[in-house]
Amino acid sequence: MQRSCRICKAPDLPAGKSIKFVYKVDGINIEGFAANFRGNLVAYENTCRHLPIPLDYEDNQFFTPDGEHLICQTHGAVYHPLSGHCLAGPCAGARLNKLHAVEIEGEIWVNLPRHSESSST
Ligand code: FES
């Protein structure tokens, strides 16, 4: 059965913004983030593909200053916001673990992986 996690109201995630959330897989907390890239909703596990650490410095900053890409703040890996594909950096060619974000009746939801459950946001 597919589980979903309510993230926020749609107006709380305008273009260029992101929001983090936590879900559990087999009892282990996993952090994810949803982002609005030019009106396109995306969501990923908040784990760099270079080293298993968060992309942000706990400050919810996932976009490059120009808003064109997602970036890992540790070593600068740059990811395409829509595909999660690493375009440059130490893990070039890898992809972020993608989650499925949708807007339903003015709210943002993320479909979680199997065997997961929503936790706190
Ligand atoms: S940990 Fe993300 S680029 Fe090195």
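# Why call it that? An all-strand model

Tutor: This is a predicted model. With 121 residues, a compact globule would have a radius of gyration near 14 Å, and the protein has 13 Å, which agrees.

Student: What are the spans of the C-alpha trace along its principal axes?

Tutor: They come to about 35 × 30 × 25 Å.

Student: What makes up the secondary structure, going from the N terminus?

Tutor: Strand after strand: the order reads β-β-β-β-β-β-β-β-β-β. The tally is zero helices and 10 strands.

Student: Why is His69 called partly exposed?

Tutor: Count its C-beta neighbours inside 10 Å and you get 18. Buried takes 20 or more and exposed takes 12 or fewer, so a value in between is partly exposed. His69 therefore gets that label.

Student: Where does His69 sit, and which residues does it touch?

Tutor: His69 belongs to the loop between strand 4 and strand 5. Beyond its neighbours within four places in sequence, His69 contacts Thr64, Val78, Tyr79, His80, Pro81 and Leu87. Take Tyr79: the two are 10 residues apart in sequence, with 5.8 Å from C-alpha to C-alpha.

Student: What about Asn60, which lies in the loop between strand 4 and strand 5: why is it called partly exposed?

Tutor: Asn60 has 13 other C-beta atoms within 10 Å. Exposed would need 12 or fewer and buried 20 or more, so Asn60 is partly exposed. Its backbone is worth a look too, with a positive phi of about 65° although Asn60 is not a glycine.

Student: And Asp26, what puts it in its exposure class?

Tutor: Asp26 has 8 other C-beta atoms within 10 Å. The cut-off for exposed is 12 or fewer, so Asp26 is exposed. You'll find Asp26 in the loop between strand 2 and strand 3, and its phi is near 50°, a positive value in a residue other than glycine.

Student: How do you know that strand 8 and strand 9 pair?

Tutor: Pairing takes at least two bridges. Strand 8 (residues 98-104) and strand 9 (residues 107-112) have five bridges, in the antiparallel sense, so the two strands pair. Ala101 is opposite Val110, and Ile104 has Glu107 as its bridge partner. The two strands form a hairpin with two residues between them, where Glu105 in the turn has a positive phi of about 50°.

Student: Which other strands pair with strand 8 or strand 9?

Tutor: Strand 4 (residues 40-45) pairs with strand 8 in the antiparallel sense over two bridges, and Tyr44 stands opposite Lys98 there. Two bridges is just what the cut-off of at least two asks for. Strand 1 pairs with strand 9 over six bridges, also antiparallel, and Ser4 has Asn111 as its bridge partner.

Student: What makes strand 5 and strand 7 edge strands?

Tutor: Start with the sheet: three strands in the order 5-6-7, open, with antiparallel pairing. Strand 5 (70-71) and strand 7 (86-88) each pair on one side only, and that earns them the name. Strand 5 and strand 6 (residues 78-79) share two bridges in the antiparallel sense, with Leu70 partnered by Tyr79.

Student: What qualifies a residue such as Val110 for the largest nonpolar core?

Tutor: Val is one of the residue types allowed, and a member must be buried and joined to the set through C-beta atoms within 7 Å. The largest core has 28 residues, and Val110 is among those with the most contacts inside it, along with Cys5, Ile7, Ala34, Ala43 and Ala101. Strands 1 (3-9), 2 (18-25), 3 (28-37), 4, 5, 8 and 9 each give two or more residues to this core.

Student: Which residues does Val110 touch?

Tutor: Not counting residues up to four places away in sequence, the contacts of Val110 are Ser4, Cys5, Ile7, Gly32, Ala34, Ala43, Leu99, His100 and Ala101. In soluble globular proteins, nonpolar side chains tend to be buried together.

Student: How much of the protein counts as buried, and what share of its contacts join residues at least 24 apart?

Tutor: Of the 121 residues, 30% count as buried. Among contacts between residues at least 6 apart in sequence, 48% join residues at least 24 apart.

How values were computed: Residues are numbered from 1 along each chain as its sequence is written. This is a predicted model: local features need pLDDT of at least 70, side-chain atom pairs count only at pLDDT 80 or more; totals for chains, interfaces and linings use all residues. Helices (H or I, at least four residues) and strands (E, at least two) are DSSP runs, numbered from the N terminus. The radius of gyration is taken over C-alpha atoms; the globule rule is 2.2 Å times the number of residues to the power 0.38. Two residues are in contact if their C-beta atoms, placed from the backbone, lie within 7 Å.
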